[in-house]
Amino acid sequence: MVSQDHHFTKGEKEYMFTVYAGILHESIRTLDQLVLVIKSLKLQMSDASRLETINKASAEIDNQYRDMQKFNAHNIGISLSRAKNSYELQTLKKLYGLP
């Protein structure tokens, strides 16, 4: 969606993609840890430790998701504020799935 939004400069779009890539990278790292804990028989952990690690990973994913939602909302707000007329505003709302 960001690539289709002409209200952002090339530099702003590059920054957004960098942030999105960082969030994705951290999410993948967290999921990799989670898969290791769940599947690996080599890790000697008590059930309590395993559950604690799973809960921690879940909280990290939730935080990463909230960070992404906040970043999206911020960027959408910037784009909407840069719209010059009602047609542009309606087009942006449609692009971002807003009412």
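**Exercise 1.** In this predicted model, work out whether Arg29 is buried, partly exposed or exposed.

*Solution.* Start with the number: Arg29 has 33% relative accessibility. Now the cut-offs: buried means under 20% and exposed means over 50%. Arg29 therefore counts as partly exposed.

**Exercise 2.** Find which residues form salt bridges with Arg29, and say where those partners lie.

*Solution.* Take Glu26 to begin with. Its salt bridge with Arg29 has the closest N and O atoms 2.9 Å apart. Both residues sit in helix 1, 3 residues apart, which puts about one helical turn between them. Glu26 is partly exposed too, at 31% relative accessible area.

Next up is Glu60. Here the closest N and O atoms of the salt bridge with Arg29 are 3.9 Å apart. That still makes the cut, because the limit is 4 Å. Arg29 belongs to helix 1 and Glu60 to helix 2, so this pair ties together parts 31 residues apart in sequence. Glu60 comes out partly exposed, with 21% relative accessible area.

Put the pieces together and you get a salt-bridge network linking Glu26, Arg29 and Glu60.

**Exercise 3.** The structure holds 3 salt bridges. Work out what the one between Arg82 and Glu12 ties together.

*Solution.* Check the contact: the closest N and O atoms of Arg82 and Glu12 are 2.9 Å apart. Then place the residues: Arg82 is in helix 2 (residues 47-82) and Glu12 in helix 1 (residues 10-39), so the bridge ties together parts 70 residues apart in sequence. As for accessibility, Arg82 is partly exposed at 32%, and Glu12 is partly exposed at 25%.

Methods: Residues are numbered from 1 along each chain as its sequence is written. This is a predicted model: local features need pLDDT of at least 70, side-chain atom pairs count only at pLDDT 80 or more; totals for chains, interfaces and linings use all residues. Side-chain values use heavy atoms; hydrogens and water are left out. A salt bridge is a side-chain nitrogen of Lys or Arg within 4 Å of a carboxyl oxygen of Asp or Glu. Helices (H or I, at least four residues) and strands (E, at least two) are DSSP runs, numbered from the N terminus. Buried means under 20% relative accessible area, exposed over 50%, partly exposed in between (1.4 Å probe, protein chains only).
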